[in-house]
Amino acid sequence: MTLPDGSVVSSEDTDFSEIVSAALGRRVTLEAAGAPQPTLEEYWPDMAELDHQETVTDEAMPVGTFFDLASVHVLTTSTINRLRELYPQGRFEVRRFRPNIVVQVGDDVAEFAENKWVGRQMQIGDGAVLDVTDPCPRCVMTTLPQGDLPRDREILRTAARHDDVNVGVYAEVRQGGTVRRGDAVTLT
């Protein structure tokens, strides 16, 4: 890891935690990632539009990770805008869905545009390449209050009624690179 002052530290250094803590101005430690067969519990509210109602299911997570199903969640502005049209009383804001990347698409792009990207590659920024793998199914977390966003079960119901509970797509990093706000996205 290269620190702001240009010095380089490795996780194998015995004083790694102290050096990084000093650079960040708060106490941090580096821990080994996840369980060998990580799982998560997913709560399904009582909504007729969902596959499960009023139950908790155990879901497998990718080995050695701490994320649901994929390392990257991509969402387009056309999806957010379409959901707003379908349920104008709701507050469909990007932060409700916690994507890693938001792609601004033109006004002429069809609703739920990223659904058509599954199986394709995204090139973005300085050499980054992502494999778009699956639609991103959403859960009850999107309905919970966050800051000034109110609790709203219709958020999930709207996604369920109009896009099989999906909001965005998952992607895996094929090639790393630098991604900056405003970078062009190319699909191949």
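**A colleague's note on the predicted model**

1. Let me start with the outside of the molecule. The protein chain has an accessible surface of about 11300 Å², and carbon and sulfur atoms account for 48% of that surface. Please keep in mind as you read that this is a predicted model. As for the inside, 37% of the 188 residues of the protein chain count as buried.

2. Next, the overall layout. The protein chain has four helices and eight strands. Followed along the sequence, these elements come in the order α-β-β-β-α-α-β-β-β-α-β-β. If we take contacts between residues at least 6 apart in sequence, 65% of them join residues at least 24 apart.

3. Which residues have the most contacts inside the largest nonpolar core? They are Val 72, Val 74, Ile 101, Val 103, Trp 117, Met 122 and Leu 130, in a core of 13 residues. Strand 3, strand 4 (101-103), strand 5 (121-124), strand 6 (128-137) and strand 7 each give two or more residues to this core. Strand 6 provides the largest share, three residues. As background, nonpolar side chains in soluble globular proteins tend to be buried together.

4. Val 103 is a good place to zoom in on that core. Leaving aside neighbours within four places in sequence, Val 103 is in contact with Val 74, Leu 75, Thr 76, Thr 77, Trp 117, Met 122 and Val 185. Apart from the largest core lies another one, of ten residues. Its members include Ile 80, Leu 83, Tyr 87 and Phe 112.

5. Helix 2 spans residues 77-86, and its buried residues are Ser 78, Thr 79, Ile 80 and Leu 83. Two of these, Ile 80 and Leu 83, are among the members of the ten-residue core. What do the buried residues of helix 2 pack against? Their partners are strand 3 (72-76), helix 3 (94-97), helix 4 (154-163) and strand 7 (166-175).

6. Now to helix 4. Why can helix 4 be called largely enclosed by the rest of the structure? The reason is that seven of its ten residues are buried. These are Ile 155, Leu 156, Arg 157, Thr 158, Ala 159, Ala 160 and Asp 163, so the list has charged residues such as Arg 157 and Asp 163 in it as well as nonpolar ones such as Ile 155 and Leu 156. The buried residues of helix 4 pack against helix 2, helix 3 and strand 7.

7. The stretch just after helix 4 deserves a look at its backbone. Asp 164 follows helix 4 and has a positive phi, near 50°. Val 165, in the loop between helix 4 and strand 7, has a phi near 70°, which is a positive value in a residue other than glycine. Val 165 has a relative accessible area of 10% and therefore counts as buried, the cut-off being under 20%.

8. The loop between strand 4 and strand 5 holds two residues I would point out. Phe 112 is placed there, with a phi near 50°, again positive in a residue other than glycine. Asp 107 sits in the loop between strand 4 and strand 5 too. Are these residues buried or exposed? Phe 112 is buried, at a relative accessible area of 7%, whereas Asp 107 counts as exposed, at 83% relative accessibility. Asp 107 is also 7.5 Å from Ser 78, C-alpha to C-alpha, though 29 residues separate the two in sequence.

9. Toward the start of the chain, Ser 17 lies in helix 1 (residues 16-24). Ser 17 has 17% relative accessibility, so it counts as buried. Beyond its neighbours within four places in sequence, Ser 17 is in contact with Arg 27, Val 28, Thr 29 and Leu 30.

10. Finally, the second largest pocket, which has a volume of about 300 Å³. Its lining is made by Asn 100, Ile 101, Val 102, Val 103, Gln 104, Ile 124, Val 179, Arg 180, Arg 181, Gly 182, Asp 183 and Val 185. Sorted by class, the lining has six nonpolar, three polar and three charged residues. Which element gives the largest share of this lining? Strand 4 does, with three residues. Ile 101 and Val 103 thus appear both here and among the residues with the most contacts inside the largest nonpolar core.

Methods
Residues numbered from 1 in each chain as written. Predicted model: local features only at pLDDT ≥ 70, side-chain atom pairs only at ≥ 80, totals over all residues. Heavy atoms only, no water. Buried < 20%, exposed > 50% of the residue type's maximum accessible area, 1.4 Å probe, protein only. Contact = heavy atoms within 4.5 Å. Core = buried A, V, L, I, M, F, W, Y, C linked by side-chain atoms within 4.5 Å. Areas by Shrake-Rupley, 256 points an atom, 1.4 Å probe, with all protein chains shown as cover. 1 Å grid on protein atoms, 1.4 Å probe; cavity = no way out; pocket = protein on both sides within 12 Å on 5 of 7 lines; lining within 4 Å. Points joined across faces, edges and corners; volume = space filled by probe spheres on them.
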